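This report describes side-chain interactions and packing in a single protein chain. The account moves from one polar contact to the nonpolar core, the aromatic groups and the charged pairs.

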Amino acid sequence: MAINQAVDRTAMTAAQLQLSRVEAEGSADHAYRLRLMSASGPTHARDLADAVHLFCSLYGRHPGLIELALNNCPAGSVRDWLKEASDAYERERLYLVRLTASVGPLPSTPGAAETEAALVAARHAIETLAGSERRGCALGAATALMADWPAIRALFDRAANRVGMQIPVLTLPEESSIVRVIGDGTDGPASERALGFGGEQLLLQNRALFDLLEARAGARID
């Protein structure tokens with residue numbers, strides 16, 4: 001949902017703020033993602049493969065963010081939503097794992113140790129968000145991931161097209177579902193701030209991964 005950035009943010013609901021946050025701070029308009037979506041040339045396949053491998057390292061493991069958040073969530077509508085999101089995201093995870101095997105090996109790139117350290121830190125940050133005891137924090141991260149994922153998924157689909165792999169239908173929770181669960185999962189300023197924090201931090205990890213991919217592409221220039 002496109003939200004006019006001129007709207008007074010104090011008058012927006014927590015769900016509107018979250019969707020606005022994803023629109024402004026998410027992956028869709030990251031310069032390197034846009035470059036990968038439109039580029040061609042001798043290094044493009046290698047750069048796409050690098051993106052697939054690194055995103056798989058961050059999001060292809062099980063349990064992931066959604067599953068960890070689900071494990072820590074009490075019974076109720078939020079848990080029901082997380083269960084549905086987990087089932088849908090498992091199909092995405094399997095797609096990513098299969099795609100990683102299909103695009104070939106991780107491209108040789110200087111600074112492998114630094115890359116692995118960055119990925120370890122990112123995984124730890126995501127696990128911390130998922131396990132947070134602050135009401136709203138894990139939900140903020142989970143809903144941000146679901147809302148941001150289509151922009152990331154488009155990159156995977158481009159890579160899949162290049163290797164002739166069948167692209168599965170995207171079945172993640174719809175925007176209306178995200179709006180509804182945020183309403184159910186927040187009950188005042190404290191939980192809304194925690195939800196915002198979780199969302200911001202998750203989006204930060206995604207954008208930082210695109211920054212890392214861009215740096216790795218630059219390091220591979222012959």
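In which helix is Ser 177 found? Ser 177 is part of helix α8 in this model, which is predicted. With a relative accessible area of 9%, Ser 177 falls below the 20% limit and therefore counts as buried. Its side chain is joined to that of Trp 81 by a polar contact of 2.6 Å.

**Nonpolar core**

Trp 81 also belongs to the largest nonpolar core, which has 63 residues. Trp 81 is among the residues with the most contacts inside that core, together with Tyr 59, Leu 82, Met 146, Trp 149, Phe 156 and Leu 202. The helix that gives the most to this core is α7, with 14 residues. In soluble globular proteins, nonpolar side chains tend to be buried together.

Leu 202 illustrates the packing. Leaving aside neighbours within four places in sequence, Leu 202 is in contact with Tyr 59, Leu 65, Ile 126, Leu 129, Ala 141, Ala 144 and Leu 145. One of these partners, Leu 129, lies in helix α6 and is buried, at a relative accessible area of 6%. Beyond its neighbours within four places in sequence, Leu 129 is in contact with Cys 137, Ala 138, Ala 141, Phe 197, Gly 198, Gln 201 and Leu 202. Leu 129 and Gln 201 are 72 residues apart along the chain, yet their C-alpha atoms are separated by 8.0 Å.

**Aromatic groups**

How many aromatic pairs does the structure hold? There are six. In one of them, Trp 149 and Phe 156 have ring centres 5.6 Å apart and planes at 65 degrees; the pair is classed as edge-to-face because an angle over 60 degrees meets that criterion. Both rings belong to buried residues: the relative accessibility of Trp 149 is 0%, and that of Phe 156 is 1%. Trp 149 and Phe 156 are also members of one aromatic cluster that includes Phe 55, Tyr 59, Tyr 89 and Phe 210.

A charged group also meets an aromatic ring. Arg 134 lies over the face of Phe 197, at 5.5 Å from the ring centre.

**Salt bridges**

A search of the whole structure finds twelve salt bridges. Side chains of opposite charge can pair when their charged atoms come close. Three of the pairs are set out below.

| Salt bridge | Closest N to O distance | Citation |
|---|---|---|
| Asp 29 and Arg 207 | 3.1 Å | Asp 29 with Arg 207 |
| Arg 153 and Glu 92 | 2.8 Å | Arg 153 with Glu 92 |
| Asp 187 and Arg 135 | 3.3 Å | Asp 187 with Arg 135 |

The salt bridge between Asp 29 and Arg 207 ties together parts that are 178 residues apart in sequence, because Asp 29 lies in the loop between α1 (14–25) and α2 (31–38), whereas Arg 207 is in helix α9 (residues 189–219). Asp 29 is partly exposed, with a relative accessible area of 43%, and Arg 207 is likewise partly exposed, at 25%.

Are Arg 153 and Glu 92, which meet in a salt bridge, buried or exposed? Both are buried. The side chains of Arg 153 and Glu 92 come to 2.8 Å, N to O. This pair links distant parts of the chain, 61 residues apart: Arg 153 is in helix α7 (residues 137–163) and Glu 92 in helix α5 (residues 77–102).

Asp 187 forms its salt bridge with Arg 135. Asp 187 lies in the loop between α8 (175–185) and α9, and Arg 135 in the loop between α6 (112–130) and α7, so the pair ties together parts that are 52 residues apart in sequence. Asp 187 is exposed, at 57% relative accessibility, whereas Arg 135 is partly exposed, at 45%. Elsewhere, salt bridges that share partners join Asp 47, Asp 50, Arg 216 and Arg 220 into one network.

**Arg 93**

Helix α5 also contains Arg 93. Arg 93 is buried, with a relative accessible area of 13%. Its side chain makes a polar contact of 2.8 Å with the side chain of Glu 90. Apart from neighbours within four places in sequence, Arg 93 is in contact with Tyr 59, Gly 60, Arg 61 and His 62. Of these, Tyr 59 is also a member of the aromatic cluster and among the residues with the most contacts inside the largest nonpolar core.

Notes: Residues numbered from 1 in each chain as written. Predicted model: local features only at pLDDT ≥ 70, side-chain atom pairs only at ≥ 80, totals over all residues. Heavy atoms only, no water. Salt bridge = Lys/Arg side-chain N within 4 Å of Asp/Glu carboxyl O. Helix = DSSP H or I, 4+ residues; strand = E, 2+ residues; numbered from the N terminus. Buried < 20%, exposed > 50% of the residue type's maximum accessible area, 1.4 Å probe, protein only. Polar contact = N/O pair within 3.5 Å; in protein donor to acceptor, adjacent residues only side chain to side chain. Contact = heavy atoms within 4.5 Å. Phe/Tyr/Trp six-rings, centres within 6.5 Å; stacked < 30°, edge-to-face > 60°. Lys NZ or Arg CZ within 6 Å of the ring centre and 35° of its normal. Core = buried A, V, L, I, M, F, W, Y, C linked by side-chain atoms within 4.5 Å.
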